[in-house]
Amino acid sequence: MLRKKTALSIMTLTTVTAALLSGCGTSNNADDANTGKANNSTANAGSNTTQTDTAAKPVEFNFYFTGSENVKNLWDTIIPMFEKEHADVKVNEVYIPSGTGAQPTYDRILAAKKAGKGSGDIDLYEDGLNNVTQGQKDDLWETLDPAKIANLASIDGKTLTDVSNLAIPYRSSAVVLAYNSEKVATPPKTLDELFAWIKQNPEKFAYNDPSTGGAGSSFVTTTLYSTLPEDAIHNTDPSIEKQWDTGFNTLKGLGKYVYGKGIYPKKNQGTLDLLISGEVDMIPAWSDMALEQIGNGQLPATTKLTQITPGFTGGPTYLMVPKLSEKKDAVNEFLNFVLSPEAQSVVVTKMHGFPGIQMSNMPKDIQDSFKGVAEGFRTFNIGDLGSDINKRWQSDVAAQ
């Protein structure tokens, strides 16, 4: 029933356009299956008993991920499913709530490499495109091998090629406008229309601090690049930063019209809470979070979603394997499961996200639920310029 309900929820999202879909030590290595075995064939019977017990102990690896609560709920569902079918592997979840600083995880992997301490006891890492590309520069990620992860064949080959086979795009989402349809009869269709609406409806629009969540970051980034050539959204050269002036002036000018005349909530959920309470009538939000909260009643039934043209940012979330991890065989076993139709169905039903594998590999009811919803999402690949955007936003916009 949950899958059918989710399918219906996604199908009713008729205003979401084609921009939606193609949408943070010391080694503690567990014993592997061979650890504890006697080194000679004359071991006594007592040793044989120890060997059997130790051989049955699963290989443990550490999985670091960040995001809102729905991301944790996703892995809290998928990991037990995997462990039930794969008794030889145990996944240790290390959850870092959104907005509390995921960058130190990346920094820890890099510092461990530089210090000759492996992967910093991090065996699998989930994050966005920026850290995929930065990790490519720092030579942190293992190249993923279809011979070791058979279900990589289920992913659109282009999405893997885009990241040089260094990361798995296991799910996708997009930022959209979420609004109260009782108060907003005709939502904006373009970014300029949205700016006009914000000024005509003072303090009824909010976006979160871009350093604390992707929805606010998408609004800021989309604004900065709205007057630049389309190919600028794939430019990682810092020289482009001088072209951000117009966008930052726009954001600064909007300050007195947004919620609280310049209050920017923390995290993606912060603005959703304002929409729930009725303090604002429109926000940028992740499609998966909004759909989930409409479905479970957190957001009122009057909440509708729409996409502007050209769309807000969206795209995959990636899984990366640190090259220096000593648990890659166990991690590959887990990744193969994550890319199975069984696990990918959880991405749709539990998280209201778009599957990372090609739709033809999904159950028919899920395939049907996506018909006509979207054909592609707008992905910004600006490398590590996002951190510069956040710093300048703090000084130019938040501090005014």
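Helices and strands here are DSSP runs, numbered from the N terminus, with at least four residues required for a helix and at least two for a strand. Counted in this way, the protein chain of this predicted model holds 15 helices and 8 strands. Of its 400 residues, 50% count as buried, and the surface that the chain exposes comes to about 17400 Å², of which carbon and sulfur atoms supply 50%.

Before turning to particular elements, the confidence of the prediction deserves attention. The pLDDT averages 84 over the protein chain, and 83% of the residues score at least 70. Residues 372-376, however, have a pLDDT below 50, although the model gives this stretch 16 contacts beyond near neighbours in sequence. Residues 1-53 likewise stay under 50 in pLDDT, and for them the model has 114 contacts beyond four places in sequence.

A useful place to enter the fold is helix α8, which covers residues 214-225. Its 12 residues reach 16 Å from the first C-alpha to the last, close to the 16 Å expected at 1.5 Å a residue. The helix is mostly covered, with 10 of the 12 residues buried; among them are A215 and G216, the run from S218 through F219, V220 and T221, and, further along, T222, T223, L224 and Y225. These buried residues pack against several other elements, namely the strands β4 (168-180) and β5 (282-286) together with the helices α7 (191-200), α9 (245-254), α10 (267-277) and α15 (385-398).

From α8 the chain continues into the loop that leads to α9, and in this loop lies W244. W244 is counted as buried because its relative accessible area is 0%, and the cut-off for that class is under 20%. Although W244 and Y225 are 19 residues apart in sequence, their C-alpha atoms are 7.2 Å apart in space. Y225 is also one of the residues that W244 touches once those up to four places away in sequence are set aside, the others being L224, L385, D388, I389 and R392.

A second helix, α11, spans residues 287-295 and is likewise mostly covered, since 7 of its 9 residues are buried. The buried residues of α11 are S287, D288, M289, A290, L291, E292 and Q293. After α11 comes G297, a residue whose phi is positive, near 90°.

Note on methods:
Residues are numbered from 1 along each chain as its sequence is written. This is a predicted model: local features need pLDDT of at least 70, side-chain atom pairs count only at pLDDT 80 or more; totals for chains, interfaces and linings use all residues. Side-chain values use heavy atoms; hydrogens and water are left out. The expected span of a helix is 1.5 Å times one less than its number of residues. Buried means under 20% relative accessible area, exposed over 50%, partly exposed in between (1.4 Å probe, protein chains only). Contact means heavy atoms within 4.5 Å. pLDDT is the predictor's confidence in each residue, from 0 to 100. Accessible areas come from the Shrake-Rupley method with a 1.4 Å probe; for residues, only the protein chains shown count as cover.
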